[in-house]
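Reader: I would like to learn how to read surface charge, burial and backbone angles from a set of coordinates. Could we work through one case together, feature by feature?

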Amino acid sequence: MTAQRIAWVTDSTAYLTQELIDHPDVYVLPLSIIIDGFPYEDGVDLTTEELYQKIRSSKEVPKTSQPAAGKFAELYESLKSNYDAAIAVHISSQLSGTIESSASGKEMADFDVKIVDSRSMSYAITTLIEQGMSMAENGVSADEIQETLNHNAKKSENYILLGSLEQFYKGGRMTGTQFLLGNLLAVKPIIQITSEGTFGLFQKVRSEKKALRRILELFSESYEKYRIRQVQILHGNVADKADALKSRVKEQFPSLDVVIGEISSSIAVHAGEGTLAMIWQNEDKDV
């Protein structure tokens, strides 16, 4: 039986490794970032550094918008001649309408697209794509890959220290009460994308130092219970802090694979410059 020819589709909230960027079967549709009424395509018209500069000078907090269904339809139409199916792994359906646009585009193009809700964003998407590619290389069907990835999406664990409470609040990601308390009490909230794919306040901590210590404790607890192959540290223009956090992780877990990457512009719009996050996937240990 001939292996299926599969295209891999995602959006610009994903963190793409150089290997995925160079991969001929990987396709990315950018979200739009609207600054002072002018739209930019994430990763195409605007780098993260340019975004931070515009945020500093703009009176308004930028907004994001999912790719139009027509853009997905164009992409899927173009894939039909070279692929049997596509597997599309997107930002959580609870945080963006990107999955809806992708599904509409699939119907418009009448192409076999298996859509996966990552229930997260950034490197969690990367992990799922890499797992799917590995399965495809072993002859697993697109249907089985979709089912497995939707299941594995629930295994992702993450903790986020926001760079800007104000941006997160103005972007509609937290209540006014939470924002006010965070500012008045100088609280450093630990935010989490839950297994349902929504933002939630995990814990309020008094300082960044204590917050990082708490996140490392949480990671250690997960490491005891699960098999963790890799941890990803994502940052918003604070590479020095990401490097320092990596060193602390490696001190406790010398053999663990630790990857550092930048958050995308479409995530930075909401989280802000200075953001730090740790992401990993919990796998069951062999009995």
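Author: Let us begin with Gln281, keeping in mind that this is a predicted model. Gln281 lies in strand S13, which covers residues 276-281.

Reader: Is Gln281 buried or exposed?

Author: The general idea is that a residue counts as buried when its relative accessible area is under 20%. Gln281 has a relative accessible area of 9%, so it is buried.

Reader: Which side chain does the side chain of Gln281 join in a polar contact?

Author: The partner is Gln131, and the polar contact between the two side chains spans 2.6 Å.

Reader: Turning to the surface, which residues gather in the patch of negative charge?

Author: A patch of this kind joins like charges within 9 Å, taken from residues that have over 30% relative accessible area and no salt bridge. Here the negative patch on the surface brings together Glu19, Asp22, Glu130 and Glu137. Helix H1 (18-22) and helix H5 (123-137) each contribute at least two residues to this patch.

Reader: How should I classify Glu130, which belongs to helix H5?

Author: Partly exposed is the class between the buried limit of 20% and the exposed limit of 50%. Glu130 has a relative accessible area of 31%, and therefore it is partly exposed.

Reader: Which residues form the positive surface patch, and which helix gives the largest share of it?

Author: The positive patch consists of Arg206, Lys209, Lys210, Arg213 and Arg248, and helix H9, residues 208-225, supplies the largest share with three residues. Arg248, for its part, is placed in helix H10, which runs over residues 239-252. Because its relative accessibility is 31%, Arg248 counts as partly exposed.

Reader: For the backbone, which phi value does Asp110 have, and where is this residue found?

Author: Asp110 is not a glycine, and yet its phi is positive, at about 55 degrees. Asp110 sits in the loop that lies between helix H4 (98-109) and strand S7 (113-117). With a relative accessible area of 63%, set against the limit of over 50%, Asp110 is therefore exposed.

Reader: What is the phi of Asn237, and how accessible is this residue?

Author: Asn237 is likewise not a glycine, and its phi is positive at about 65 degrees. Asn237 belongs to the loop between strand S11 (230-235) and helix H10, and its relative accessible area of 30% is why it is classed as partly exposed.

How values were computed
Residues are numbered from 1 along each chain as its sequence is written. This is a predicted model: local features need pLDDT of at least 70, side-chain atom pairs count only at pLDDT 80 or more; totals for chains, interfaces and linings use all residues. Side-chain values use heavy atoms; hydrogens and water are left out. Patches are made of residues with over 30% relative accessible area and no salt bridge: like charges are joined within 9 Å, nonpolar side chains (Val, Leu, Ile, Met, Phe, Trp, Tyr) within 5 Å. Accessible areas come from the Shrake-Rupley method with a 1.4 Å probe; for residues, only the protein chains shown count as cover. A salt bridge is a side-chain nitrogen of Lys or Arg within 4 Å of a carboxyl oxygen of Asp or Glu. Lys and Arg count as positive and Asp and Glu as negative; His and the chain ends are not counted. The place of a charge is taken as NZ of Lys, CZ of Arg, CG of Asp or CD of Glu. Helices (H or I, at least four residues) and strands (E, at least two) are DSSP runs, numbered from the N terminus. Buried means under 20% relative accessible area, exposed over 50%, partly exposed in between (1.4 Å probe, protein chains only). A polar contact is a pair of N or O atoms within 3.5 Å; within protein, one must be able to donate a hydrogen and the other to accept it, and residues adjacent in sequence count only if both atoms are side-chain atoms.
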